[in-house]
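Student: Hey, got a minute to go through a structure with me? I'd like to talk about how its parts meet.

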Amino acid sequence: MKNNNDIILKDINKSYQKGDNTVVVLDHFNLTINSGEFVALMGPSGLGKSTLLHLMGGLDQPTSGEMVIGAQRIDNLKEAQFTKWRAENIGFVFQSHHLLPVLSAQGNVELPLALTPLNKKQRQEHASYALELVGMSDRSKHYPKELSGGQEQRVAIARAIVSDPNILLCDEPTGNLDRKTANEILAILAQLNRDFGKTIVMVTHDNKAAEYATRVINLESYMLEQNKCTVGEN
Amino acid sequence: MRTSAKNNHSLLINLKQAQALTVINFKSFPQRFTVSLVSMLSIGCVAAVMLSVLAMSEGMMKTLQRTGLDNTVLVMRAGATSELQSVMFPVEVNILANNSNVIKNKQGEAIVSAEMFVNAEMKYTNDVGDIEIPELSISLALRGISKSTQQFRPNFNLVSGKMFVTGVRQLIIGQAIARRMPELTVGKTITLGGAQWQISGIFSDGNSVFESELWADIGMVQSDYRRGNTIQSIRLALKDINNLPALAKEWQDDPRLNIRVITEKQFFADQASNLTRLIRWIGFPIAIVMALGAMVAALNTMYAAIASRSKEIATHKAIGFSPFAIATSILCEALLIAFVGGLFGILPLYLVFDGWTAATQNASNLSQMMFNFDISLLLAIKAMSLALFIGLIGGLLPALKAMRLPVTEALRD
């Protein structure tokens, strides 16, 4: 499983019911992301980028179609199985860091390890290492309100990688940051992809951010190419 | 077997996750303390009302249960449910006293206590220096007792002053009355039925209901209340209390007697159950209505807590925390609110009112009965259980909502 983190979406349909209307977001959508790729998903708002990310992360389920991630079919998992699978395989980085204000940076990073059999000492060691990777060792005891936006996002990345997931899903991770800080965050993501083989899928509107990716998918043109797209709401 | 082990393992993991989230919730709870205050106060009120009802009925029950002896037989007029309703004549006392089942003393006299019981309107003044205070009035039980009465009150003890003098308007008062009305001291004069009586002493009787009574010489009471030589109740000591059913039958068949026979213990136990039933009938419905209100308050608080933390909950879900763990942590927070609320209700009540002497109208004899507010650990646990139950019910629906919270929507909002 560690060697195969391919993300394969086959004939995915995703639609929402909005009042009496059915809004189609993804229509017979196909996509393959290979293990170790750093993919930037771009395109106009409302095209379904975040929906795609949520589907890959098991936060949402397709209306129909097949999703295989790391040789495991996930579209037919039950909620409890999804939760467990997500904890073991996926790390999320959101535009807003969603750190818990009552926990220190160390506490926030340790949180996902509560889902593992690690003991307290091991959890502390893992969290310290993750914070070191994102250059936040010296801020481990600080609370989110004592950190800058960039530092908070670094801690969020440390939280995403602390349980060593194969795949990182990032939803506009630099959307709230200035250019310099954004570049620092993107450099960390690129390092995680390059040095640790993490498969990264990043939704972004920022062309500069996309330059850090190994592949850029413009969803609008990609869907047109597939000739099966229907533009819907995100 | 394997499935069971797997289930246990899964439960343990869920509980471990729930514990981690609960610790976080508790850490952030001070930030929501003010918002949760309304719920806490509502729950506190319910706990306080429930505890008051329980403490009152427990206090009354204990007071009445401490009264009366197992081997003492109380005799009243047939049909009388209280001593106040009864009237008996000396001839009846003689017939009863001469029965061979009644214990005799060394002189061969039957151990019998003939007693008068009057619902007396007591008037007294509360002297504070030269300030003129209007006369106060209260309805109390005045018991006329004879020499042998004390043999039926093994716990009787004069705590201050001395015994009243026969043939004089003197009386002794129970210490529950003295506690409730500290201005009634030894030597003070009070008015009963228009006549002046002097308090000669204060007595205790093992916290029994007799401590809510005034005791005086039976002859003086008969005379002052114009009862001639009638009495109202007789107490007898039987050689063997097991003979009571047979004896009651014998007396019932005797055409000279028209009486009701009951053990003294049973008589006061019946009064206790009537009184406490009344309190519970009034108190419990109030507590239930308040509990429903408190549940709604708890429900609102928890819904608000979830609404304000939907992103946090969604993040927990995205990280991989199970819906069960999330719901459990919400429930634990609701229980924490209920626990603090319960303490708000129980602690002040305990600190201020435990042991406090309260008074109520004893419907069976129309007099004031004093009893102690008795807040025991068991009652506090009962009140706290109700508070936690309210928290549990109030937290249940919000917990289910948090469990089903759609992550994608919560993160997008």
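Tutor: Sure, let's take the interface and then the domains; keep in mind that this is a predicted model.

Student: OK, how many residues does each chain put into the contact?

Tutor: Chain A gives 25 residues and chain B gives 22 residues.

Student: And how much area do chain A and chain B bury between them?

Tutor: About 2,000 Å², with 68% of it on carbon and sulfur atoms. On the chain A side, A:His98, A:Val102 and A:Leu115 lose the most area to chain B, and together they make up 27% of what that side buries.

Student: How many salt bridges are there across the interface of chain A and chain B?

Tutor: The rule finds 0 salt bridges there. As for polar contacts between chain A and chain B, the count is 3 residue pairs, both residues at pLDDT 80 or more.

Student: Which helices of chain A each supply at least two residues to the side that touches chain B?

Tutor: That would be α1 (49–56) and α2 (79–89). The largest share of that side comes from α2(A), with 4 residues.

Student: How do the residues on that side of chain A divide into nonpolar, polar and charged?

Tutor: You get 14 nonpolar, 6 polar and 5 charged on the side of chain A that touches chain B.

Student: Switching topic: what domains is chain B divided into?

Tutor: Domain 1 covers 16–66 + 272–412, and domain 2 covers 72–237.

Student: How far apart do the C-alpha centres of those two domains of chain B lie?

Tutor: The centres of domain 1 and domain 2 of chain B are 45 Å apart.

How values were computed
Residues are numbered from 1 along each chain as its sequence is written. Chains are lettered from A and ligands numbered from 1 in the order in which they are written. This is a predicted model: local features need pLDDT of at least 70, side-chain atom pairs count only at pLDDT 80 or more; totals for chains, interfaces and linings use all residues. Side-chain values use heavy atoms; hydrogens and water are left out. Contact means heavy atoms within 4.5 Å. Buried area is the accessible area (1.4 Å probe) that two parts lose on being put together, summed over both. A salt bridge is a side-chain nitrogen of Lys or Arg within 4 Å of a carboxyl oxygen of Asp or Glu. A polar contact is a pair of N or O atoms within 3.5 Å; within protein, one must be able to donate a hydrogen and the other to accept it, and residues adjacent in sequence count only if both atoms are side-chain atoms. Ala, Val, Leu, Ile, Met, Phe, Trp, Tyr, Cys and Pro count as nonpolar, Asp, Glu, Lys and Arg as charged, and the others, Gly among them, as polar. Domain bounds come from an automatic or database domain assignment.
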